[in-house]
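Welcome, and please have the sequence and the 3D view ready. We will go through the helices, the sheet and a few residues in turn.

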Amino acid sequence: MEGEGYSFEEHTSDVIIVARGKTLERAFEYIAKGLMEIMTNPSQIDIKEKKELKVNGFDLENLLYRWVEEFLYLFDAEGFLAREIKVEKIEKFNEEYLVNGVAYGERYNERKHESRTHVKAPTYSQINVTRESDLWKLKITVDI
């Protein structure tokens, strides 16, 4: 993958999501979109609800972990699937990082939404947040 977007890397029992963005915010958006792609067909998700997202972490890797965890929580607790994700700002405040964003989507409906792979949780295996020339590159492994 060249430029912005997301892709997947093979793993024996998990899935690795790799995202690239011109800004850290864009890369975080692509990670969430990659997660949705694993779980369902995003084109089947209509925009009916808006979820405000506020996540914090003690470093960028922990922030990424908790960001993915938030989307899994929304799905597990409320059945919420996101079609559009907008990260408004990632900033360091005191000793922690904060991400503020919004997710637009709807609740899962088994008659409407394709059920692909159940994602159990993010993991710290191979987690990485790096800057490569003009792009941010994020990598996270999710347990399936």
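## Two helices crossing

In this predicted model, the axes of α1 and α2 come within 11 Å and cross at roughly 40°. The pair therefore counts as oblique, and α1 passes α2 in a right-handed crossing. If you would like to place them in the sequence, α1 covers residues 24–39 and α2 covers residues 60–78.

Which residues bring the two helices together? On the α1 side they are Leu24, Phe28, Ile31, Ala32, Leu35, Met36 and Met39. Their counterparts in α2 are Leu60, Leu63, Leu64, Trp67, Val68, Phe71, Leu72 and Phe75.

## The three-stranded sheet

Now let us turn to the strands. Three of them form an open sheet in the order β3-β5-β4, and their pairing is antiparallel. At the edges are β3 (49–57) and β4 (80–93), each of which pairs on one side only. Neighbouring strands of this sheet are turned against each other by 20° on average, direction ignored. Helix α2 lies across β3, β4 and β5, and runs at about 145° to β3.

Take a look at the pairing of β4 with β5 (residues 96–107), which is antiparallel and extends over twelve bridges. Along it, Ile90 stands opposite Val99 in β5, and Phe93 stands opposite Glu96 in β5. The hairpin of β4 and β5 has two residues between the strands, and Asn94 there takes a positive phi near 55°.

## Gly105 in strand β5

Is Gly105, a residue of strand β5, buried or exposed? Its relative accessibility is 0%, so Gly105 counts as buried, the cut-off being under 20%.

The contacts of Gly105, not counting residues up to four places away in sequence, fall in two stretches of the chain: Ile45, Asp46, Ile47, Lys48 and Glu49, and then Phe80, Leu81, Ala82 and Arg83. Among these, Glu49 belongs to the range of edge strand β3, and Phe80 to that of β4. You can also check the spacing to Ile85: Gly105 and Ile85 are 20 residues apart in sequence, and their C-alpha atoms are 8.9 Å apart in space.

## Glu29 in helix α1

Back in helix α1, we meet Glu29. This residue has 5% relative accessibility and therefore counts as buried.

What does the side chain of Glu29 reach? It comes to 2.9 Å from the backbone nitrogen of Val87. Leaving aside neighbours within four places in sequence, Glu29 is in contact with Ile85, Lys86 and Val87. These partners lie within the residue range of β4.

## Val119 in the loop after β5

One more residue deserves a visit. Val119 is found in the loop between β5 and β6 (121–132). Its relative accessible area is 2%, so Val119 is buried.

Where do the contacts of Val119 lie? Once neighbours within four places in sequence are set aside, Val119 is in contact with Leu35, Ile38, Met39, Leu72, Val142, Asp143 and Ile144. Leu35 and Met39 of α1, as well as Leu72 of α2, also appear in the meeting of the two helices described above. Another residue from that helix pair, Val68, has its C-alpha atom 10 Å from the C-alpha atom of Val119, with the two positions 51 residues apart along the chain counted as their separation.

Methods. Residues are numbered from 1 along each chain as its sequence is written. This is a predicted model: local features need pLDDT of at least 70, side-chain atom pairs count only at pLDDT 80 or more; totals for chains, interfaces and linings use all residues. Side-chain values use heavy atoms; hydrogens and water are left out. Two strands pair if DSSP finds at least two bridges between them. Helices (H or I, at least four residues) and strands (E, at least two) are DSSP runs, numbered from the N terminus. Axes are lines fitted to C-alpha atoms, for helices over the stretch in contact, and angles run from 0 to 180 degrees between N-to-C directions. Contact means heavy atoms within 4.5 Å. Buried means under 20% relative accessible area, exposed over 50%, partly exposed in between (1.4 Å probe, protein chains only). A polar contact is a pair of N or O atoms within 3.5 Å; within protein, one must be able to donate a hydrogen and the other to accept it, and residues adjacent in sequence count only if both atoms are side-chain atoms. Angles under 35 degrees count as roughly parallel, over 145 as roughly antiparallel, 65 to 115 as roughly perpendicular and the rest as oblique. A crossing is left-handed if the near helix is turned anticlockwise from the far one by less than a right angle, and right-handed if clockwise.
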